[in-house]
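Me: I am new to this structure and would like to be led through it slowly, one question at a time. Could the reasoning be set out before each result?

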Amino acid sequence: MKRVGFIGLGNIGKGICSNLIKQGNELTVYDVYKPAMEQFQGQAYLAESPVDVLRRSDYVFLSLPKSEIVEETVHAFIQEGVKDKMIIDTSTSYPISTKKLFEEVKAAGGAFVDAPLMAGPDEAAAGTLDIVVGGDKEDYDNAKELFDAYCQSYKYVGPSGTGHLIKLAINFISLTEALMFAQLFPLMDKMGFDPKDLFEVFEDSVLKNWTSTFYTKKYMDREYKLDFALALGTKDLSYVKRMYEEYNVPAFVLDGALDFCRVALAEQEKGQPPIDMSYPCETMYHLLGMK
């Protein structure tokens, strides 16, 4: 049994946390949204703050929405003291930031690994996530027992930041693919091709993959259940854009994907609740004049 902390109990974090508890670990949890914490009442210690989690844990998982929050959290940890503690960042963070945090934590006597996830809430709940891990190999080896609790596969991919770099590369490809389908379904519908028939065409073609099936089911039915927030997808793509800017090269396809996301995100500024990454499809229906 290990003393494990978990910060960020959203759609994916709560599934990972549940599986760590099932493995027999002693959990301390925290989330800014109190009801998310309260679902673990009686199963874990409910902390008052992220630093409270650190004090009670030897391993601390982070499942946070953006790098800025990861940075703020880790810097508070360093100020408190991280000697002999390991921080495992499952968030989709900016790789350059990750490398800096790794060096700062290591200099303070702690360990830091980036271990982003390759699937979604259903896989997190089932304990069948795939992850890639960056950092020191010995720290990866030390965390394997914890990875067993919520992963069907995990792989060491290299130095700090490499895991987040690979995750962003995968998200760049998969989210851009999802946006291409989001543009195509409404156009085909406008031209009289039934979305259900289009879905079947893609499912029987060489284009079928996890991303195509996951998103085109939503496009077929025009039901955009919130699984992965559009704001988070836009954030991930913006991180990729920052990396292109670091090397002063254009990102032609990426620029179009970001523009599409931002047009769809404007709907939230009208007072809508958080919308799913599949919502750009509905934006295209609106642009085509279809209700």
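The questions and replies below go through strands, cores, a helix, cysteines and single residues.

Me: What kind of model is this, and how are its residues numbered?
Reply: This is a predicted model, in which local features need pLDDT of at least 70 and side-chain atom pairs count only at pLDDT 80 or more, while totals for chains, interfaces and linings use all residues. Side-chain values use heavy atoms, with hydrogens and water left out, and residues are numbered from 1 along each chain as its sequence is written.

Me: Which strands are joined to E4 by bridges, and in what sense do they run?
Reply: Helices (H or I, at least four residues) and strands (E, at least two) are DSSP runs numbered from the N terminus, and two strands pair if DSSP finds at least two bridges between them. On one hand, four bridges join E4 to strand E1, residues 3–7, with Ile7 standing opposite Leu62. On the other, E4 pairs over four bridges with strand E5, residues 86–89, where Phe61 stands opposite Ile88. The partners are therefore E1 and E5, and both pairings are parallel.

Me: Are the residues of strand E4 on its two sides buried or exposed?
Reply: Buried means under 20% relative accessible area, exposed over 50%, and partly exposed in between, with a 1.4 Å probe and protein chains only. In E4, residues 59–62, Tyr59 and Phe61 lie on one side and Val60 and Leu62 on the other, and all of them are buried.

Me: Which residue of E6 is the bridge partner of Ile88?
Reply: Strand E6 covers residues 111–114, where Ala111 and Val113 point one way, Phe112 and Asp114 point the other way, and all are buried. Four bridges join E5 to E6 in a parallel arrangement, and the partner of Ile88 there is Val113.

Me: Which helix gives the most to the largest nonpolar core?
Reply: A nonpolar core is a set of buried Ala, Val, Leu, Ile, Met, Phe, Trp, Tyr and Cys residues joined through side-chain atoms within 4.5 Å. The largest one has 49 residues, and those with the most contacts inside it are Leu20, Phe147 and Tyr150. With six residues, the helix that gives the most to this core is H7, residues 137–150.

Me: Which residues does Phe147 contact, leaving aside its neighbours within four places in sequence?
Reply: Contact means heavy atoms within 4.5 Å. Once those sequence neighbours are set aside, the residues in contact with Phe147 are Ile88, Ala115, Ile131, Val133, Tyr140 and Tyr154.

Me: How many residues are in the second, separate core?
Reply: Among the members of this second core are Ala182, Tyr224, Met284 and Met290. As a general matter, nonpolar side chains in soluble globular proteins tend to be buried together. The size of the second core is 36 residues.

Me: Why can the buried residues of H12 be said to line one face of the helix?
Reply: The buried residues of H12 are Leu254, Ala257, Leu258, Phe260, Cys261, Ala264 and Leu265, and they pack against helices H8, H11 and H13. The arc is taken from the directions from the helix axis to the C-beta atoms. Seen down the axis of H12, the buried residues line one face because they fall within an arc of 160 degrees.

Me: How many disulfides does a search of the whole structure find?
Reply: A disulfide is a pair of cysteine sulfur atoms within 2.5 Å. For Cys151, which is buried at a relative accessible area of 8%, the nearest cysteine sulfur is that of Cys17, 14 Å away. For Cys281, buried at 0%, the nearest is that of Cys261, 13 Å away. The number of disulfides found in the whole structure is zero.

Me: What phi does Asn248 have, and where does this residue lie?
Reply: Most residues other than glycine have a negative phi. Asn248 lies in the loop between H11 and H12, and is exposed with a relative accessible area of 69%. Its phi is positive, near 55 degrees.

Me: Which residues does Glu203 touch, not counting those up to four places away in sequence?
Reply: Glu203 is found in helix H9, residues 195–203, and is buried with a relative accessible area of 17%. Beyond its sequence neighbours, Glu203 touches Lys208, Ser212 and Thr213.
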